[in-house]
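Biologist: Could you take a close look at one part of this protein for me, the charged side chains that pair with one another? I would like to know where the partners sit and how much of each is open to the outside.

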Amino acid sequence: MKHFLSLPAKLLLLFILFQAVSPSGKAQVAPAPSPAESIGALTLRDESIDQVLALLERWTGKTILRPQALPAATFTLTLKGNVSREEAVRALETLLTLNGVAISPLDDKFLKVTPLTMAKSEAPELIDGSTLGLPPSGRVASKVFQLNFLRVSEFMPQIAGLLSPGAGSPPVIFDKANAALIIDSVSNLQRFETLLNRLDRPLLAGLQPKFYPLHFAKASDVVNKMRTILSGPLQNQLGSTTSYNSDDRTNQIILVSDPRQVAFFDELIAKLDVKSDPNTRNEVIYLKHAAAKDVATILSQLVSGQNTAVKGTGQETVRPFRATSVTAPAPADAPNTPPAASMTATASLGLPIESSNQFSALLTILPEERSNSIVVSGTVDDIRLINALVTKMDILLAQVRIEVVIAEVTLDNNATSGISALGLKIDGDKLVGFSGTAAGLAVNDAVVTRPGIIGAGPLDLAAQISLGTTPRKTNATILSQPNIITSHNKEGHIFVGEQRPIVSNYINNGSAGLGNNINNGSFSSNVTYKDIGIELKVKPLIGADGSVQLEITQEVNDILGTVSIGGNDQPRIGRRSTESFVSVKSGEIIVLGGLQRTSKSQNTSRLGPIPIIGDMLGSRTRENARTDLVFFLRPSILSNTPADNAAALEQIEQFPKEQRDQVKKALTPASQP
């Protein structure tokens with residue numbers, strides 16, 4: 001049966017109010033109706049808010065408190081079938097919320113009615129516990145949501161757009177408690193709670209660990225192999241949460257993944273953990289030019305440094321296992337078989353070729369000095385990498401011939417150095433010109449040629465320098481003209497002089513003696529030998545463009561006199577030294593001077609020492625002689641061809657016939673002059 005509460009509804013409401021008043025005129029509180037009581041079907045057509053609130057007051061049994069002004073609206077509602085009081089109340093609360101009116105319970109006796117926009121500040125009902133057990137409705141309520149794993153400051157701003165425009169308010173965030181207070185309709189609060197139940201979970205939810213103890217393979221080898229297999233698109237299929245790592249201490253693999261992926265890893269690890277032959281081999285690499293001890297030291301330091309760096313990054317130094325390559329034996333006369341040949345033979349047998357640029361922890365390198373070779377033990381990749389490095393290191397170093405002329409130049413009062421006294425033109429320690437004449441010779445910018453001789457090159461360095469004047473008038477004396485042949489970055493050494501004995505210390509031998517003289521029987525002396533002369537050290541750095549950088553050390557030791565020590569005369573040694581670093585082209589001449597020495601001399605007549613008479617009968621002269629040592633160096637890069645000996649052979653041709661024939665016979669015993 002339907003009820004149309006228009007005019008009859010008003011009479012009905014008046015009747016209800018009349019029944020609620022006692023004959024004495026005092027209001028009586030009606031007992032609260034049962035929520036399960038049926039009210040039948042209900043139809044409202046354009047009813048006022050007063051009529052709706054009266055029905056709500058009747059069905060809840062609570063007194064409604066309301067302001068004078070409420071949103072003006074008419075209400076229409078149709079409830080079909082047998083509707084209980086609880087369902088009718090929920091329908092009216094939702095209908096009021098949709099029209100901007102909020103119902104807030106105060107206690108068991110009162111209901112507060114306010115505009116919907118003010119409900120959030122009028123202490124709406126605080127729901128303690130879950131909202132999912134409540135029937136959905138538009139009634140405004142509040143709830144504190146406590147998050148366990150999500151960060152409230154990151155999650156709540158994301159759901160702010162889901163709040164009801166009229167009833168909802170921005171969540172009140174409590175950062176320290178990781179919680180938030182939300183005010184909204186009951187149905188919206190239920191949606192938020194359902195959303196949090198699904199999202200507020202640990203990141204590892206759904207993942208399970210599994211441990212795989214290995215029987216044959218090493219755990220780190222298998223893990224590295226798995227990472228190679230599962231790289232690229234396959235890793236995307238596994239997902240970012242799946243991880244597998246090795247524990248070499250217990251030799252097992254630790255897998256953390258979704259249970260649905262476990263079967264895949266079970267099969268993969270079982271196939272890799274199989275018994276196999278050792279993945280190591282030994283090889284002897286014979287060297288042609290380099291020293292085995294030096295090469296082995298460098299390679300060992302390289303391998304040690306790389307393995308230390310890899311350990312520092314947390315990676316394993318042992319690479320994944322791979323099948324041992326089967327290669328044909330190398331010929332006996334070719335011990336240094338290139339790695340490429342070995343890999344080609346492997347490919348021809350249909351075996352997989354896998355390479356790595358990382359040394360394994362199994363690699364061992366030892367020098368064998370007797371045969372000048374290195375013995376290498378390691379994996380196939382280790383052997384390949386070491387072979388490649390040895391090929392680049394075992395090369396013939398460039399060589400240079402350094403012609404040296406050491407000249408002592410006597411300086412007059414006008415000369416400041418030996419270089420100026422000789423009339424040399426120097427530009428940055430390089431000889432660019434000098435003057436000189438000789439029969440059949442011409443000088444042009446420090447290059448001496450022999451006119452009329454086709455193809456004749458520069459003379460030797462000593463010949464060029466001696467062209468300045470005739471031997472009788474020259475102010476320069478050539479002390480030595482040695483040659484040095486040395487390799488790149490190898491020091492060459494020249495010494496011209498003598499060794500002299502020098503008493504280094506005196507030792508009391510405990511025997512009796514007279515006085516304190518060290519020559520008596522109570523003392524013995526130790527004698528050492530000191531190099532006195534000219535010493536030259538040259539270390540060249542040879543460039544590929546024909547340039548030579550020379551590190552030059554010059555040292556000159558002279559005897560200046562003697563000094564008496566303990567009754568023995570000991571020499572006073574004067575020391576002059578310089579260090580230079582110059583860069584020149586092959587064939588250019590370097591001139592280094594400045595090691596000057598001043599010696600004093602005095603000459604008198606026969607009666608010179610007699611005062612007055614000596615001055616009358618003879619003269620007395622004093623001279624200060626200055627000399628300067630000038631070093632001429634000409635480096636020439638050798639080409640390791642017969643052309644390197646052309647200059648020497650040309651000089652031999654200038655010898656007298658008898659000497660020339662003897663030299664040729666000594667150089668080539670099988671040849672006849």
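Modeller: In this predicted model, a good place to begin is the salt bridge that aspartate 50 forms with arginine 66, in which the closest N and O atoms are 2.5 Å apart. Because aspartate 50 lies in helix 2 (residues 49–60) while arginine 66 belongs to the loop between strand 2 (63–65) and strand 3 (75–84), the pair ties together parts that are 16 residues apart in sequence. Aspartate 50 counts as partly exposed, with 45% relative accessibility, and arginine 66 is likewise partly exposed, at 34%. As general background, side chains of opposite charge can pair when their charged atoms come close.

This pair belongs to a wider set, since a search of the whole structure finds 12 salt bridges. Among them is the one between glutamate 555 and arginine 575, whose side chains meet at 2.9 Å, N to O. That pair links distant parts of the chain, with glutamate 555 in strand 25 (residues 547–565) and arginine 575 in strand 26 (residues 568–585), 20 residues apart. Here glutamate 555 is buried, with a relative accessible area of 16%, whereas arginine 575 is exposed, with 56%.

Aspartate 258 and arginine 260 form another salt bridge, with 2.8 Å between the closest N and O atoms, and arginine 260 counts as exposed at 73% relative accessibility. Finally, Glu93, Glu125 and Arg139 are linked in a network of salt bridges.

Conventions:
Residues numbered from 1 in each chain as written. Predicted model: local features only at pLDDT ≥ 70, side-chain atom pairs only at ≥ 80, totals over all residues. Heavy atoms only, no water. Salt bridge = Lys/Arg side-chain N within 4 Å of Asp/Glu carboxyl O. Helix = DSSP H or I, 4+ residues; strand = E, 2+ residues; numbered from the N terminus. Buried < 20%, exposed > 50% of the residue type's maximum accessible area, 1.4 Å probe, protein only.
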